[in-house]
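Biologist: I would like to learn how to read a model like this one. Where do we begin?

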Amino acid sequence: MAIPKAESEYFALVQRFPLRPIHTEDELDDAINMINGLIDQPDLSADALDYLDVLDRLVEDYEDAYIDIPDVRGTAALRHLMEENGLTQKDLAHLFGGKSAISEVLRGKRELSKGQIQRLRDYFGVPADLFIG
């Protein structure tokens, strides 16, 4: 088995944000910010994808142990997040391009666009796939 080169991108990412079990909400926030920073980059290397996979598993482990995430997707997830955070359609209209767009999404007249999903992911700090389905 070959020993990995210390100058690899994987080890650079580990130095930037070490892969350790997550124990607190602050550590979870930091890990999610790191994940979001990576997935926003086009054409990730194999090293970056491996690092992202491990970090994602650490986040999942923490969430499974400490966070009760409702099993909802799509607009139901959006409604849940709005309720949990005391938000109205007006509060999120800027993420949709206006009040009528968010209203149509919540009434099921329009699907969430890729751009809206990305903005919701960033706004709430949750995985994008929560809004799909």
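Modeller: With one definition. Two residues are in contact when heavy atoms lie within 4.5 Å. Keep in mind that this is a predicted model.

Biologist: With that in hand, what share of the contacts with a separation of 6 or more comes from residues 24 or more positions apart?

Modeller: Such pairs account for 57% of those contacts in the chain.

Biologist: How many helices and how many strands does the chain have?

Modeller: Seven helices and zero strands. From the N terminus the order reads α-α-α-α-α-α-α. The C-alpha trace spans about 55 × 30 × 20 Å along its principal axes. Of the 133 residues, 33% are buried.

Biologist: How do I check a helix for regular length?

Modeller: Compare its reach with the expected rise per residue. Take α2, residues 25–39. Its 15 residues reach 21 Å from first C-alpha to last, close to the 21 Å expected at 1.5 Å a residue.

Biologist: Which residues of α2 are buried, and what do they pack against?

Modeller: The buried set is Leu28, Ala31, Ile32, Met34, Ile35, Asn36 and Leu38. These residues pack against α1, α3 and α7.

Biologist: How do I read a helix pair?

Modeller: Look at the angle and at the distance between axes. Helix α5 covers residues 89–96, and its angle with α7 is about 125°. The two axes are 9 Å apart. Angles over 145 degrees would count as roughly antiparallel, and 65 to 115 as roughly perpendicular. The pair α5 and α7 is therefore oblique.

Biologist: Which residues meet there?

Modeller: From α5 come Leu92, His94, Leu95 and Phe96. From α7 come Gln116, Arg119, Leu120, Tyr123 and Phe124. By class, the residues of this contact are six nonpolar, two polar and one charged.

Biologist: Let us stay with Gln116 from that list. Is Gln116 buried or exposed?

Modeller: Buried counts as under 20% relative accessible area. Gln116 has 5%, so it is buried. It belongs to helix α7, residues 114–124.

Biologist: What surrounds the Gln116 side chain?

Modeller: Leave aside neighbours within four places in sequence, and Gln116 is in contact with Leu95, Phe96, Val105 and Glu111. A polar atom of its side chain also lies 2.9 Å from the backbone nitrogen of Ser113.

Biologist: What should I look for in backbone torsions?

Modeller: Most residues other than glycine have a negative phi. Asp43 is not a glycine, yet its phi is positive, at about 50°. Asp43 sits in the loop between α2 and α3.

Biologist: Why does Asp43 count as exposed?

Modeller: The cut-off for exposed is over 50%. Asp43 has 76% relative accessibility, so it counts as exposed.

Biologist: And what falls between the two cut-offs?

Modeller: Partly exposed residues. Glu9 in helix α1 is a case, with a relative accessible area of 35%. Asp53 in helix α3 is another, since its relative accessibility is 35%.

Biologist: How do I see what the chain brings together around Glu9?

Modeller: Set separation along the chain against distance in space. Glu9 and Asp47 are 38 residues apart along the chain, while their C-alpha atoms are separated by 5.8 Å. Not counting residues up to four places away in sequence, Glu9 touches Ser45, Asp47 and Ala48.

Biologist: And how far apart are the C-alpha atoms of Asp53 and Ile35?

Modeller: They are separated by 9.4 Å, with the two positions 18 residues apart along the chain as the separation. Ile35 is one of the buried residues of α2.

Note on methods: Residues are numbered from 1 along each chain as its sequence is written. This is a predicted model: local features need pLDDT of at least 70, side-chain atom pairs count only at pLDDT 80 or more; totals for chains, interfaces and linings use all residues. Side-chain values use heavy atoms; hydrogens and water are left out. Helices (H or I, at least four residues) and strands (E, at least two) are DSSP runs, numbered from the N terminus. Buried means under 20% relative accessible area, exposed over 50%, partly exposed in between (1.4 Å probe, protein chains only). A polar contact is a pair of N or O atoms within 3.5 Å; within protein, one must be able to donate a hydrogen and the other to accept it, and residues adjacent in sequence count only if both atoms are side-chain atoms. The expected span of a helix is 1.5 Å times one less than its number of residues. Axes are lines fitted to C-alpha atoms, for helices over the stretch in contact, and angles run from 0 to 180 degrees between N-to-C directions. Angles under 35 degrees count as roughly parallel, over 145 as roughly antiparallel, 65 to 115 as roughly perpendicular and the rest as oblique. Ala, Val, Leu, Ile, Met, Phe, Trp, Tyr, Cys and Pro count as nonpolar, Asp, Glu, Lys and Arg as charged, and the others, Gly among them, as polar.
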